[in-house]
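Here are a few exercises to work through with the model open beside you. Try each one before you read its solution.

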Amino acid sequence: MPPVFPMLTVLSMFYYMCLRRRARTATRGEMNSRRAIESNTRALPINVEIVQYAKEVLDFSSHYGSENSMSYTMWNLAGIPNVYPSSGDFTQTAVFRTYGTWWDHCPSARLPFKRTPPTFCSQDYVELAFEEPVYPTAVHILETYHPGAVVRILACSANPYSQNPPAEVRWEVLWSEAPTKVNGPQARQFTPCIKQINFPTNLIRLEVNSSLLDYYTELDAVVLHGVKERPVLSLKASMIDMNDIDEDEDEEKCGCGMDTLNKQFNIVTLREWPTNGYFDKLPYELIQLILSHLTVPDLCRLAQTCKLLYQHCCDPLQYIHLSLQPYWARINDTSLEYLQSRCTLIQWLNLSWTGNRGTISVSGFSRFLKVCGSELVRLELSCGHFLNETCLEVITEMCPNLQELNLSSCDKIPPQAFNHIAKVGSLKRLILYRTKVEQTALLSILNFCSELQHLSLGSCVMIEDYDLIASMMGAKCKKLRSLDLWRCKNITESGIAELASGCQLLEELDLGWCPTLQSSTGCFTNLARKLPNLQKLFLTANRSVCDTDIEELATNCTRLRQLDILGTRMVSPASLRKLLESCKDLSLLDVSFCSQIDNRVVLELNANFPNVFIKKSFTQ
């Protein structure tokens, strides 16, 4: 008789979970239909499907284009299609900054964070606002070149055009999938099967992963289909799937509510067990090693099982490296408060993409760093739009050991705030891509941060004299290994000469879309002769690059791995053959729009040098 009661308990739990699951399904409407299911008893005009293009681009993590132009920028996603259904490389499309795995194999590549859940693979994002809030029935993405980068589509409960800020910002995943390889670069309309949600939205977010692509993906427009009234769901009974009882997995995959994660952080009651089984016999260090493979939510769930595992799961040693980026939609001040006691020894912290729309306050961020910042070595804050001058001041005061700081696309930080970074003399990596850093602040940073090895100033449009900046780098930053000057508008051969003379350890240099550099001044030959350690050199869209420059690279930079000379008219097949024969480690060569390099030449070079990816873009 005694064994009956545990069995009854298990059955009761099973039925309880099934019933709860059924109730949740009926209320949330988790169905995979793309079209609204209207009631058979009525057909109101309010449920007519609304079709709308994006009205405005609200936010994005990166783009290929300039901040002062429309070419290749995310702003091209607003409005009706410019290119579709044509295929090819067009300036009127939206293009992200990177593609493939090339950026993971260069000197500036950063080590990945452990504990990143396998379901999170997003590298970039763009957020789009639409005129009318609707219950989505379909999302069409018009891809015009190298499709297949979109891996996740989300909807937000907040109306960006509402005068009243919402009490809670909720994100819901409409669709997600691992990166897939699409055969061919041709245009397509991508219409994934989305799930229904229980709130209207006019804010859609696309997240992309371009690691499997052979070139930059290009997006032309996004179309949102939806109805004004919440679709009526079919109440037809269905079989209960055993997978439905795994509620936690479903919530992590489909739900982005903050309450779920915060409840896991805030552990109130623990079960009392007479014994901890075999865990009592394992060494403390071995249990710590086992738990180090769990994701953060799993660690929080496990902490609720017993006091022994609670002790292990809350040990600060489990939080030496912590990435909260995969949970950006669920992180707020409460989350940071719950994590404070566990993060007193934290060294790597990733808060990229978090805190926007008021979910993290300046005071909440400051409180967290005051408790947990003393041991920080690496701090990732990409696209953190809550950051202001107070935050940077707190970072410099509370993080004396900081070596890496990423402020990429933090375009809301005021220019004067960057002066505080000069106080962190131990910095080795600083990423200021798409920020409003000004010349005075940057000169101060370069003067006091002489340990810098990696510096990104791509698309920093408020710097007036890049020659002066390059001269300061040459004088103060002797250890510099990688430098990103993407779309720097005013550097000349004078600045390049100062840079090459003073920073001879440079292994990576991005001078893409720098129109003031001319090969006739000898700036590129000077680079090749002074920087023999170069592994990556981007001279993108510089029409003046010529055979002499390529031959100098072949003679002096034999360690070269990546070279981008897109758009040059002066390079011949003969000089490229010499380069490929000399640089045995070369793996990427972009000759798109090089007028002397036609498809026949590319095919020939590919046949003779099969280990090199030679890219030739096209426009139809």
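**Exercise 1.** Does His385 count as buried or exposed?

*Solution.* Before you start: this is a predicted model, where local features need pLDDT of at least 70, side-chain atom pairs count only at pLDDT 80 or more, and totals for chains, interfaces and linings use all residues. Numbering runs from 1 along each chain as its sequence is written, and side-chain values use heavy atoms, with hydrogens and water left out.

Step 1: find His385 in the loop between strand 12 (378–380) and helix 9 (389–398); helices (H or I, at least four residues) and strands (E, at least two) are DSSP runs, numbered from the N terminus.
Step 2: get the cut-offs: buried is under 20% relative accessible area, exposed over 50%, partly exposed in between (1.4 Å probe, protein chains only).
Step 3: His385 has 18% relative accessibility, so it counts as buried.
Step 4: look around it. Not counting residues up to four places away in sequence, His385 touches Asp59, Tyr125, Asn356, Ser409, Asp411 and Lys412, where contact means heavy atoms within 4.5 Å.

**Exercise 2.** Work out why Val48 counts as exposed, and which residues it contacts beyond its sequence neighbours.

*Solution.* Step 1: Val48 sits in the loop between helix 1 (4–28) and strand 1 (50–53).
Step 2: its relative accessibility is 52%, which is why Val48 counts as exposed.
Step 3: set aside neighbours within four places in sequence, and Val48 is in contact with Gly226 and Val227.
Step 4: check the spacing. Val48 and Val227 are 179 residues apart along the chain, yet their C-alpha atoms are separated by 6.1 Å.

**Exercise 3.** Where does the largest nonpolar core lie relative to domain 2 and domain 3?

*Solution.* Step 1: a nonpolar core is a set of buried Ala, Val, Leu, Ile, Met, Phe, Trp, Tyr and Cys residues joined through side-chain atoms within 4.5 Å.
Step 2: the largest one has 109 residues, and Leu407 is among those touching the most other members.
Step 3: helix 10 (residues 439–448) is the top contributor to this core, giving five residues.
Step 4: domain 2 (319–463) and domain 3 (483–619) both supply residues, so the core lies between them; the domain bounds come from an automatic or database domain assignment.
Step 5: zoom in on Leu407. Leaving aside neighbours within four places in sequence, its contacts include Leu381, Phe418 and Tyr433.
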